[in-house]
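This briefing introduces a single protein structure to a reader who has not met it before. Please view the sequence and the model together while reading the points below.

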Amino acid sequence: MAGIISFGAHIPIHRLSRSVIGQSWESRGTPGERAVANYDEDSLTMAVAAARNCLKHFAGKKVDALYFATTTAPYLEKQSAALIAAVLALPEETHTLDFGNSLRCGTSAVSAALNAINSGAAETVLVCAADIRAFHPKSSQEMSCGDGAVAFLLGKEDLIAEIEWFDSYTDEVQDVWRIQGEQFNRTAEERFVQDFGYGRVVRNAIGKSLKKRNAAADQFSKVCGNFTDPRSIGKVIGKLGFKPEEQLQGELNQNVGDTGSAMALMNAALALESASAGQRILVAGYGNGCDVFSIKTTDKIANYPFGRKIGDQINQKIMMSSYNKFLIWRGLVDVSLTPRPPLNERQPTPPAQWREVKWELTLSGTKCQECGTIQYPPQRVCMSCKIKDKMDRYCFNRIPAKAVTFSHDYIMETLDSPVTTTVVDFEGGGRMICDMTDRKLDEVVVGMDLEMTFRKLYSVGGINNYWWKCTPVRK
């Protein structure tokens, strides 16, 4: 039986209180807050962060396929899964697929992964889901949504949880959609969406699946889904015999927001963090139909080496004091920056990007085969023993680091000025200069612990230029 080997998630550290959004429009905001991806994050970089968290203690584990699900891919015509695989240094034999165009694409990717594993086409599949969805300013959906990502490594061996069964139901309803060329999602009337979209479809799908599998509501410790309003879905599952106040996994809605295609799987991951052996979790992924599947934990869950837990990430946050900053980061407001040379002079070229895939996307340097000196950037001649062309590739992206020195640059303006340019020393050797992101200015000090994070430097000429930045360690 196929199931879950490991999992991980990424919640952006920045949060915006819904009351701040409401005050900006002179209206009453709803309780809670939403997670906001930094200006240098997108669905791809968040998927990389979730995947790195998922594979943190499974670095040697073979990954046969990587599936990426999102409704907000950075490119309309270019595979994102291949880029994620390159960043993770997966071999070229890795089967990569993108899933999109539906909020159900996250659970659809899980379904495809299970089919590949059970058929023998793959032994392990890494499923990543992430979204940064945009709704019209002042809309209720703008408040209820949030940004986030999740990753699951699926296979048949060393399982912390088995996926007992998976059922899928289709249904056509025009409730939430976005057409070509539009930035914002559209929605039908709210009550119609809740009653005749999500509520009707999910109720029918879960009811049919439970009957088909001869299962009962009281057999599950948690129910997870991609819902916007926990109270509405609580009424829906309540009619099926569940106890919403005990079984509904709804904390993310209050503290993070609806993360789109990643939401159902993020709720499942959060449920797994507190699950004990033998517990069952019901997952329902909605979007023009509904996927329903059952997860049952094994004895291995007790000794699972958790990475960065969702619960911890919820509590680690930087509150945004201004709704204007959110609008600027999302490109909804043009602001005047200090005049500088045109950015197109720094436009990356496809040949240059291709040459640097192996080294730059993985943040790799070299280690001398003779004296063991570690160097960055990659060198042909060792700086210590001067030997030539006897170097091994050395990856820095998981090596602990410290800040040697830094400078807050208020002249080189970005969407998150000032730019914190940092000299980074890696444990064991190696030094580089890069930008620091997700930091509080008054907490940046020489000697602070740092880790590397994959981010988008800038976009110009239709090309996204991705590389690595440093960030304070999130414990």
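Is Lys386 buried or exposed? Lys386 is exposed, because its relative accessible area is 57%, above the cut-off of 50%. The model under discussion is predicted. The points below cover the backbone, the surface, a covered helix and the internal cavities.

**Backbone geometry**

- Lys386 is located in the loop between β16 and β17, and its phi is positive, at about 70 degrees, although Lys386 is not a glycine.
- Leu363 also has a positive phi, near 55 degrees, and is likewise a residue other than glycine.
- The loop between α13 and β15 (364-368) holds Leu363.
- Leu363 has a relative accessible area of 0% and therefore counts as buried, the limit for that class being under 20%.
- Tyr376 and Pro377 are joined by a cis peptide bond, with omega at about 0 degrees.
- Pro377 belongs to the loop between β16 (374-375) and β17 (391-395), and Lys386 is in the loop between β16 and β17 as well.
- As background to these points, most residues other than glycine have a negative phi, and most peptide bonds are trans.

**Surface**

- Val333, Val335 and Leu415 make a nonpolar surface patch of about 190 Å².
- Within this patch, Val333 comes from the loop between α12 (323-329) and α13 (350-360).
- Val333 counts as partly exposed because its relative accessibility is 34%, which falls between the limits of 20% and 50%.
- Glu172 sits in the loop between β8 (161-170) and β9 (176-177).
- With a relative accessible area of 63%, Glu172 is exposed.
- Glu172 and Arg308 are 136 residues apart along the chain, and 38 Å separates their C-alpha atoms.

**A covered helix**

- Helix α10, residues 263-273, is mostly covered, with eleven of its eleven residues buried.
- The buried residues of α10 include Met263, Leu265, Met266, Leu270 and Leu272.
- Asn267 and Glu273 are also among the buried residues of α10, and Glu273 appears again in the lining of the second largest cavity.

**Cavities**

- Five cavities of 30 Å³ or more are found in a search of the whole structure.
- The largest cavity encloses about 80 Å³ of space.
- Among the residues that line the largest cavity are Arg34, Arg133, Phe135, Glu142, Cys145, Phe184, Phe326 and Arg330.
- By class, the lining of the largest cavity consists of six nonpolar, two polar and four charged residues.
- The volume of the second largest cavity is about 60 Å³.
- Phe7, Gly8, Ala9, Asn53, Glu273, Tyr304, Phe306, Gly307, Arg308, Lys309 and Ile310 form the lining of the second largest cavity.
- Strand β1 (residues 3-10) supplies three residues to this lining, which is the largest share.
- In the second largest cavity, the lining is made up of five nonpolar, three polar and three charged residues.
- Arg308, one of the residues lining the second largest cavity, is the residue whose C-alpha atom is separated by 38 Å from that of Glu172.

How values were computed: Residues numbered from 1 in each chain as written. Predicted model: local features only at pLDDT ≥ 70, side-chain atom pairs only at ≥ 80, totals over all residues. Heavy atoms only, no water. Patch = residues over 30% accessible without salt bridge, like charges linked within 9 Å, V, L, I, M, F, W, Y side chains within 5 Å. Areas by Shrake-Rupley, 256 points an atom, 1.4 Å probe, with all protein chains shown as cover. Salt bridge = Lys/Arg side-chain N within 4 Å of Asp/Glu carboxyl O. Helix = DSSP H or I, 4+ residues; strand = E, 2+ residues; numbered from the N terminus. Buried < 20%, exposed > 50% of the residue type's maximum accessible area, 1.4 Å probe, protein only. 1 Å grid on protein atoms, 1.4 Å probe; cavity = no way out; pocket = protein on both sides within 12 Å on 5 of 7 lines; lining within 4 Å. Points joined across faces, edges and corners; volume = space filled by probe spheres on them. Nonpolar A, V, L, I, M, F, W, Y, C, P; charged D, E, K, R; others polar.
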